[in-house]
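Hi everyone, and thanks for making time for this. I'd like to walk you through one structure today, so please have a look at the screen.

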Amino acid sequence: MWRGRTLTFGLDAGDLRGELDPPHALRVEGERFELPLPGAHHALALLATLAVAREIGIPWSDLRRLELALPPGRGRRLEQAGLLLLDESYNASP
């Protein structure tokens with residue numbers, strides 16, 4: 001049985017709670033964090049990072065300098081005629 005500290009996080013409940021701020025942001029304790037890609041799953045990944053950072057003493061301001069580096073062909077953002085297309089074709093099968 002686990003006897004260590006448990007830290008929870010989420011968009012609906014948890015020790016650290018975040019709120020989606022569409023289309024590409026997460027609000028946590030009055031701070032706004034830009035998301036590199038839209039979606040609750042990306043917001044939850046960032047929220048997990050913020051929770052762990054707080055627990056081990058890394059200031060959130062240090063995390064604002066991090067950048068998402070996607071491999072070539074993954075998550076490319078294409079804008080044309082007022083539309084935004086996220087190209088995730090790296091994972092497509094013929």
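I'll start with the chain as a whole, then turn to a helix, the salt bridges and a few single residues.

One thing to say up front: this is a predicted model. The chain has two helices and six strands. Reading from the N terminus, the order of elements is β-β-β-β-α-α-β-β. There are 94 residues, and buried ones make up 22% of them. The accessible surface is about 7,100 Å², with 56% of that belonging to carbon and sulfur atoms. For those of you who like contact statistics, take the contacts with a separation of 6 or more: residues 24 or more positions apart account for 32% of them.

Now the helix α1, which runs over 40-56. It has 17 residues, and from the first C-alpha to the last it reaches 24 Å, close to the 24 Å expected at 1.5 Å a residue. So which residues of α1 are buried? They are Ala 43, Leu 46, Leu 47, Leu 50, Ala 51 and Ala 53. These residues lie on the same side of α1, because the arc they cover around the axis is only 165°. And what covers them? The cover includes the strands β1 (9-10), β2 (16-21), β3 (25-28) and β4 (31-34), along with α2. On the face turned away from that buried side, α1 carries the exposed residues His 41 and Ile 56.

Let's stay with Ile 56 for a moment. Together with Val 52 and Ile 58, Ile 56 forms a nonpolar patch on the surface, and the three share about 270 Å² of accessible area. Ile 58 belongs to the loop between α1 and α2 (60-63). With a relative accessible area of 36%, Ile 58 is partly exposed. In the backbone just after α1, Gly 57 takes a positive phi of about 90°.

On to the charges. Side chains of opposite charge can pair when their charged atoms come close. How many salt bridges does the model have? The count comes to six, and I'll pick out a few.

The first one I'd like to show joins Arg 5 and Glu 55, with 2.8 Å between the closest N and O atoms. This pair links distant parts of the chain: Arg 5 sits in the segment before β1 and Glu 55 in helix α1, 50 residues apart. Arg 5 is exposed at a relative accessible area of 56%, while Glu 55, at 40%, counts as partly exposed.

Next, a network of salt bridges links Asp 21, Arg 27, Arg 32 and Glu 34. Within that group, Arg 27 meets Asp 21 at 3.1 Å, N to O. Is Asp 21 buried or exposed? Asp 21 counts as buried, because its relative accessibility is 19% and the cut-off for buried is under 20%. Its partner Arg 27 has 37% and counts as partly exposed. Arg 32 also pairs with Glu 34, and here the closest N and O atoms are 2.2 Å apart. Arg 32 is partly exposed at 32%, whereas Glu 34 is exposed at 52%.

Glu 34 comes up again when we look at His 24. That histidine is in the loop between β2 and β3. His 24 is buried, with a relative accessible area of 17%. Leaving out residues up to four places away in sequence, His 24 touches Phe 33, Glu 34, Leu 35, Leu 37, Pro 38 and Arg 77.

The loop between β3 and β4 has something for the backbone fans: Glu 29 is placed there. Glu 29 has a positive phi of about 50°, although it is not a glycine.

My last stop is Gly 10, which lies in strand β1. What is around this glycine? Again leaving out residues up to four places away, Gly 10 touches Leu 16, Arg 17, Gly 18, Leu 44 and Leu 47. Leu 47 is one of the buried residues of α1 that we met earlier. The C-alpha atoms of Gly 10 and Ala 48 are separated by 8.2 Å, with the two residues 38 apart along the chain. Gly 10 counts as buried too, at 7% relative accessibility.

That's my tour, and I'm happy to take questions.

Conventions: Residues numbered from 1 in each chain as written. Predicted model: local features only at pLDDT ≥ 70, side-chain atom pairs only at ≥ 80, totals over all residues. Heavy atoms only, no water. Patch = residues over 30% accessible without salt bridge, like charges linked within 9 Å, V, L, I, M, F, W, Y side chains within 5 Å. Areas by Shrake-Rupley, 256 points an atom, 1.4 Å probe, with all protein chains shown as cover. Salt bridge = Lys/Arg side-chain N within 4 Å of Asp/Glu carboxyl O. Helix = DSSP H or I, 4+ residues; strand = E, 2+ residues; numbered from the N terminus. Buried < 20%, exposed > 50% of the residue type's maximum accessible area, 1.4 Å probe, protein only. Expected span 1.5 Å × (residues − 1). Arc of directions from axis to C-beta. Contact = heavy atoms within 4.5 Å.
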